[in-house]
Amino acid sequence: MTERLYLSDSMLAAFDATVVSCEPHGNGYLIELDRSAFFPNKGGQPCDTGTIGGAAVSDVNEDGERLLHFADRAIPVGTKVRGAIDFARRFDIMQQHTGEHLLSYCAWHLYGAQNVGFHCALTYATLDLDKPVGHDGITEIENLANRLAAENAAVTATIYETEEALKGIPLRKHAEGLTVPIRIVTIEGSDACTCCAPHVKRTGEIGQLKIVEAIPYKGGTRCTFLCGMRALSHAQTMQDAVTAIALRFSTSRDQAEAAVQKQADELSETKKALRQAYAALDEYLAKSLKAEAEDVNGVKLIVKMLESVDAKRLRAIAGATMTDRALSVLFSDTGDRVSYLLASNGIKADTGVLIAAVNAAFAGNGGGRGTLAQGSAKKTAGAAETVEVLRTYFRNVLLHG
Ligand SMILES: [Zn+2]
């Protein structure tokens, strides 16, 4: 059994202990001490890291009553060692964890929402509430939590040895299956709940509490939140991002959203105008292609290379060139690629078959069936000549069937 020093003093960063066991494990050793301030991976949060007698400890886990410290070197059993935890990491996690207590209390106090899940990672933490809480509710929870943090209330942990002693304590949450002795963590003037982890001593040490995302989750709400320096760092990142956007629009930060909206509206209008201009241009293009169509055996044949026309426009142009008996083979040079489309009406040949000649000539991929087929290829030198070769081919197809 390892005496858990963090239960009575969460601020204890260094301690003396004796090595009880040391066993090889993976690429290191599992060291057990008679007493330890290291908090293990537990309750949805990561363990402490640090050193034991000069050995680096990168992982700590419970094994029943024992704490096993994963260290990078062996220490003989019986050695008296000095243990030291990475206190910056511990304090950051305590801020998030105590912040979780405060946010959970506020959600429960304001909306009767229970905390049903907590996860603390090294860069963010999540808190799951069992009820949907909307945007305004989240703001209210944040506001109250920050007010209570500013009150700098004492956070204390007390161990109750009997169920009798527990009666009368207004617990927000009694972890299921827990039996006495039970550790109750109380925030003076507000919260009380069962908990086994280390906390900051006063709510002011949590710093700012910020819920940065709240999404529907299993019928309730999953809140991603940041406390202390994490909240500050997030605010700095967001400020830099909004400043960059504001600079791009030559406006102030508080006008940035309006500037983005204005540009989005203008873009939408521009796209609409462009679509109308293309429609007029394509109608004109189709008309001029029809005028220069070659009559082969009573079929209007068009074979033409166009510039920078996308697949959708190519289809519209080809469609507009159709007559009672027609075959239009249109190409579009889009810079590094050539796209092509075959449209037909009133002819025997299937465009899905005819496109094989285009695929072969351009080393491209394409297919289709009946009166419409399309494909594309990497653009290579001599595309114009290839189009002329294909014109002769299709002329012969129409002549000789
Ligand atoms: Zn706790």
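**Figure 1. The domain layout of the protein.** In this predicted model, the domain assignment divides the protein into domain 1 (3–85), domain 2 (91–237) and domain 3 (276–400). Start with the first pair named here: the centres of domain 1 and domain 2, taken over C-alpha atoms, are separated by 27 Å. Where the two meet, 10 residues of domain 1 touch 14 residues of domain 2. On the domain 1 side of this meeting, 5 residues are nonpolar, 4 are polar and 1 is charged.

**Figure 2. A closed barrel of 6 strands.** Follow the strands around and you will pass through β2-β3-β7-β6-β5-β8, paired in antiparallel fashion. From one strand to the next, the twist averages 45°.

**Figure 3. A closer look at the β2 and β3 pairing.** Strand β2 covers residues 14–25 and strand β3 covers residues 28–33. The two run antiparallel and are joined by 6 bridges. To find your bearings in this view, look for E23, which stands opposite L30 in β3. Both strands also belong to the closed barrel, where β2 is followed by β3 in the strand order.

**Figure 4. Helix α5 crossing helix α6.** Here helix α5 (residues 256–291) meets helix α6 (residues 311–320), with axes that come within 8 Å and cross at roughly 40°. An angle of 35 degrees or more but below 65 is neither roughly parallel nor roughly perpendicular, and α5 and α6 are therefore oblique to each other. Their crossing is right-handed. From α5, the contact draws on Y278, D282, E283, L285 and A286, while α6 brings R313, A316, I317 and A320. Sorted by class, the residues of this contact comprise 6 nonpolar and 3 charged, with no polar ones.

**Figure 5. Helix α7 packed with helix α8.** Helix α7 (residues 351–362) and helix α8 (residues 383–400) have axes 11 Å apart and pack at an angle of about 155°. Angles over 145 degrees count as roughly antiparallel, so that is how α7 and α8 are described relative to each other. The crossing of this pair is right-handed. On the α7 side, look for L354, A357, V358, A361 and F362; on the α8 side, T386, V389, L390, Y393 and V397 complete the contact. The contact of α7 with α8 counts 9 nonpolar residues and 1 polar residue, with no charged ones.

Key. Residues are numbered from 1 along each chain as its sequence is written. This is a predicted model: local features need pLDDT of at least 70, side-chain atom pairs count only at pLDDT 80 or more; totals for chains, interfaces and linings use all residues. Axes are lines fitted to C-alpha atoms, for helices over the stretch in contact, and angles run from 0 to 180 degrees between N-to-C directions. Helices (H or I, at least four residues) and strands (E, at least two) are DSSP runs, numbered from the N terminus. Angles under 35 degrees count as roughly parallel, over 145 as roughly antiparallel, 65 to 115 as roughly perpendicular and the rest as oblique. A crossing is left-handed if the near helix is turned anticlockwise from the far one by less than a right angle, and right-handed if clockwise. Two residues are in contact if their C-beta atoms, placed from the backbone, lie within 7 Å. Ala, Val, Leu, Ile, Met, Phe, Trp, Tyr, Cys and Pro count as nonpolar, Asp, Glu, Lys and Arg as charged, and the others, Gly among them, as polar. Two strands pair if DSSP finds at least two bridges between them. Domain bounds come from an automatic or database domain assignment.
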